[in-house]
Amino acid sequence: MLDLPWRFIAILLANGLLVGSMYALVALGFVLIYKATDAINFAQGEFVMFAGFLAAGATHLAGFPWWISALLAVLGMVVFAFGLERVVLRPLLGRPIIAVIMATLGLGFVLRGVATLAFGGGTQTIPLPVGDEPVLLGPLILPPIQLVGAGVSLAFLCGFGWFFLKSRIGVAMRAVADSQQVAMAMGINVRRYFALAWALAGVVSALGGVLWGAMLGVDNQLALVGLKVFPVMILGGLDSILGAVVGGLIVGVVESLSAGFLDPLVGGGTKDFIPYLLMIAVLMVRPEGIFGRRRIERV
Amino acid sequence: MLALNNIEVVYDNAILVLRGVSLAAKAGQITALLGANGAGKTTTLKAISGLLHSERGEVTKGSVEFAGERLDRLPPHQVVERGIVQVFEGRRVFANLTVAENLTAGAHTRRDRGTVKDSIDRIFEMFPALAERHNQAAGYLSGGEQQMLVIGRALMSNPKMVLLDEPSLGLAPQLIEEIFAVIRRLKEERHLTVLLVEQNATLALTIADHGYVMENGRIVLEGPAAALQQNSDIKEFYLGLNEAGARKSYREVKHYRRRKRWLG
C-alpha cells in the first residue's frame, strides 16, 4: 500500500463533495436559463450575493427569524428574476447573443452597487440554527454547515430532476429547450416557460445565497461563487442538468485537493485557479463537456 | 369551417408574401393546397396557426375565421386551444425527448389530463412502429417513423383540424403511401378536417376532396379534386403529363404562354 495520508485525503474528498454539491446548486440556475432561453446569465453570482443580502437584511434589519428570512429571500429573488425577464431580457429576445451577455454583465455590477448601498459594505451573517461543533463521521471531521448546505442542495437537485424529467411542465420545458418554434406549434406558451425558467433560477439563487452566505458571510465577495459556475458548466456540459451536478462535484473535489496538497507547497492560492486550468483543458479536449448535448443527426 | 378571406401577409413590415388569398376548408374534408416552392403555401398555414408572429410576419389585410371566430390576432397556443394544430414540414420532432414525451408535449393544451395516457395508447395502436420505440430519443427514429410521430403528436391535442405541411417530403414511395392512408383514415374515422399542403399534386388530389393551386402568393385555380385532376394545366405543370399526340415544339410555346397568364 502506498504511503499516503489516507485520512487526510478522505477528509479533503468529503469536503470537496459537500462544497461541490453547493456549486452544483448555483450552476443549476445558470443551466436552466441557458437551456430554456438560450441566454447566458453572467449575473448568476450576483443573484446569489443579492439573495444573501436579502436574507441577512431580513434577519438583522427587520429582526425576522431565520426561516422567514430565507423564505423572504426566495420570494424576493423569484419576483426579481421574473421582473428582470419582463423588463430587460424580453425586449432583447432575438437580438444578437452579445446583447444579452452585456446586459447581464452590467446587471451584475448594478446589483453589487445597489446591495452595498442598501445593506452597507460590511460582512453580515445569516444565523442558521446550525451548530459550530464539527461532526465526526468515522475518520471524517465535517463542519455542520457544509453538511446542511450539501443536504439541502442535493435534495433540491433531486426534486428538481424528478420534476424536469417526469412532470408535464418539465416535459414542456424540455420541449421548449429542444425547439421553441415547434413547442409553440404544439400549443406551449413559450414566453410563460421563459418566465418560469427565470423564476426557478431565482429560487436556486436564493437557496444558494442563504447557504453560501451562512457559510462564508454575506458581502460583495459572495458574488465570486458565481465565477466558479463557469468551470462547473464547461466540465459538465452547458446544457445538461446532470452535468451541472457532476461538474459541481468535480470542481469541489479538485479545489479541495489542490487546497490540501498544492497550497502548502507554493504558499496558497492554487484552489482559486486550478478549476479554471481544468476548464481550459476540457475546452480543448471535449468542448461539449461530459454530458453536453451533441446534436442528434441521422446520416 | 375554416375560411381565409382575402388575406395579405407582410414579413418585416416590408416583404409582401401573400397577396389576397381566399380559401375555405369544409368540416370533415381534406382540402389540398398545391403549388411550387415559394408560392406561399407554408406562409398560408402559418397565417392560420399564428406562427407568423414569431417570424416577424403579420396578416395586414383580410381575416382568418374558424368556426365563426377570428384567429388572425391570436398567439399560436390559443389557436391550438381552439382546435387547429400545424404539422411542420421536415419532420420536426423534439429530437432529445423520447417518443412518449413527444406525445405528452403534444397534449400540453388539454384540460382532461387523466385521459392523456389513453390517447398515447391510441396513437401507438395507429402506429405500432412507435410503440416499440416509445422510450427512445425521437432524433434516432427513421424518417417514416418521425413523420408518424409528428402526426401522432399533433393528434394528441384532440384537434378539430390539422394543417399538414408536405408530409411526403423526402420519404420513400411506400412510406408516403402509408402516411397518406393514415390521413385518409383520420378523415373517415375521426372526421378530422385537413388542410394538406403538397408539392406532390398527383398524390394529394387522390385523397383530397377539394383543391387550391397557389402561385406567387395568390390562389390561381380552385375546384373539386376530381375536376382539378382532369384540368389540363394541372396535368401538365404538376402531374407531368402531356396531351397525347401534341408536337413538342408547339406545346412549348403554348406552355410558356399559359404559364405566363397564370403568373401575371
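Reader: How many residues does each chain bring to the contact between chain A and chain B?

Author: In this predicted model, chain A brings 21 residues and chain B brings 33 residues. Together the two chains bury about 2,400 Å², with 60% of that on carbon and sulfur atoms.

Reader: What makes R174(A) and E101(B) a salt bridge?

Author: Happy to walk through it! The cut-off is 4 Å between a side-chain nitrogen of Lys or Arg and a carboxyl oxygen of Asp or Glu. For the side chains of R174(A) and E101(B), N to O is 2.9 Å, so the pair qualifies as a salt bridge. The count between chain A and chain B is 1 salt bridge, alongside 8 residue pairs in polar contact.

Reader: Which helices supply the side of chain A that touches chain B?

Author: Both α6 (168-178) and α7 (180-185) of chain A supply at least two residues each. The most comes from α6(A), with 6 residues. By type, that side of chain A divides into 12 nonpolar, 4 polar and 5 charged residues.

Reader: Why is L196(B) said to be in contact with I30(B) and F180(B)?

Author: Contact requires heavy atoms within 4.5 Å, and L196(B) is in contact with both, so each pair has heavy atoms within that limit. Other partners include L33(B), L164(B), I183(B) and I207(B), leaving aside neighbours within four places in sequence.

Reader: Which residues touch the most other members of the largest nonpolar core?

Author: Of its 133 residues, those are F47(A) and L196(B). Helix α1 (residues 6-37) of chain A gives the most to this core, with 13 residues. Apart from it lies another core of 29 residues, among them V64(B) and Y212(B).

Methods:
Residues are numbered from 1 along each chain as its sequence is written. Chains are lettered from A and ligands numbered from 1 in the order in which they are written. This is a predicted model: local features need pLDDT of at least 70, side-chain atom pairs count only at pLDDT 80 or more; totals for chains, interfaces and linings use all residues. Side-chain values use heavy atoms; hydrogens and water are left out. A nonpolar core is a set of buried Ala, Val, Leu, Ile, Met, Phe, Trp, Tyr and Cys residues joined through side-chain atoms within 4.5 Å. Buried means under 20% relative accessible area, exposed over 50%, partly exposed in between (1.4 Å probe, protein chains only). Helices (H or I, at least four residues) and strands (E, at least two) are DSSP runs, numbered from the N terminus. Buried area is the accessible area (1.4 Å probe) that two parts lose on being put together, summed over both. A polar contact is a pair of N or O atoms within 3.5 Å; within protein, one must be able to donate a hydrogen and the other to accept it, and residues adjacent in sequence count only if both atoms are side-chain atoms. Ala, Val, Leu, Ile, Met, Phe, Trp, Tyr, Cys and Pro count as nonpolar, Asp, Glu, Lys and Arg as charged, and the others, Gly among them, as polar.
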